[in-house]
Amino acid sequence: MEVSVRFSPELWIFLAPRNRRPEVLLPYDGTSSLGHLIESAGVPLTEIGGPFAGGRPVGPSHRPSPDEVVEVPAVPRPQAVPDCRFVLDVHLGTLARRLRLVGLDTAYRNDMDDNALIEQANAEDRVLLTQDRGILRRRSLWLGAYVRGARPDDQFLDVLDRFRPPLAPWTRCTACNGRLAQVGKAEVEDALQPGTRRSYDEFARCRACGRIYWHGAHGGSLSAVVDRARHATHPG
């Protein structure tokens, strides 16, 4: 038995090359759910919008009949989530730092396994960002999202385009995700190198780890990252 399925072109990256076309016939045992059928084709359910079968909206638990054409749209953008708080898998460290740079609450550690990531995402109501399709298929995960792009710049813009979160640049520590507080120069000057002490007067310090920040030599490139983020979340 087979079922005819039309995947949105945005979902073709998850399909086998032979199935990257407007309509595909997928093997079907007659009893499995539509969600199982979609995932068996390689598409995580986190990446789809509301599917249709025979022209009517259905849920992932629907059991399609062979005479129904199934339509599977991509998740709508911007995607509404209760709160734009994230946890990232171990391969997305650069993305984590960029999300923190624009003020997004972003949990990241480079030693977290899949079970720990899911546990943190669920306990703290964070969206799990990953490029691992397997973890996105785990039933225990409350909410996840596949990050598109091989380059950190592309990944960053993809996440911002998908969720359009409110930004608060320069308010989080890029190292630990703690909140920054403005401090007077006198409070931190003993910890500064002589050149920094001579050249800069405005500083912020992480309330969590104590790291000190100032608008230094790399400030221009970081400002460019922030400008791209603002454009991505407010296009046009």
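This briefing covers one sheet, the helices across it, and two nonpolar cores. The model is predicted. Its open sheet has 4 strands in parallel pairing. Its largest nonpolar core has 30 residues, and a second, separate core has 24.

**The sheet**
- The strand order is β7-β6-β8-β9.
- β7 (106–108) and β9 (144–146) are the edge strands, and each pairs on one side only.
- From one strand to the next, the twist averages 25°.
- β8 spans residues 127–130 and pairs with β9 in the parallel sense over 3 bridges.
- Leu-129 has Ala-145 in β9 as its bridge partner.
- In general, strands of a sheet pair through backbone hydrogen bonds.

**Helices across the sheet**
- Helix α3 (residues 114–124) lies across β6 (86–88), β7 and β8. Its direction is at about 175° to β6.
- Helix α5 (residues 152–163) lies across β6, β8 and β9. It runs at about 130° to β9.

**The cores**
- In the largest core, the residues with the most contacts inside it are Val-5, Phe-7, Val-43, Val-72 and Leu-128.
- At least two residues of this core come from each of β1 (2–7), β2 (24–27), α1 (34–40), β5 (69–72), α3 and α4 (133–136).
- The second core is separate and includes Leu-88, Leu-99, Val-127 and Ala-232.

**Around Leu-128**
- Leaving aside residues up to four places away in sequence, Leu-128 touches several residues, among them Val-87, Asp-89, Leu-117, Ile-118 and Ala-121.
- Leu-128 also touches Ile-135, Leu-136, Leu-141, Leu-143, Gly-144 and Ala-145.

Key. Residues numbered from 1 in each chain as written. Predicted model: local features only at pLDDT ≥ 70, side-chain atom pairs only at ≥ 80, totals over all residues. Heavy atoms only, no water. Pairing = 2+ DSSP bridges. Axes fitted to C-alpha atoms, helices over the stretch in contact; angles between N-to-C directions. Contact = heavy atoms within 4.5 Å. Core = buried A, V, L, I, M, F, W, Y, C linked by side-chain atoms within 4.5 Å. Buried < 20%, exposed > 50% of the residue type's maximum accessible area, 1.4 Å probe, protein only.
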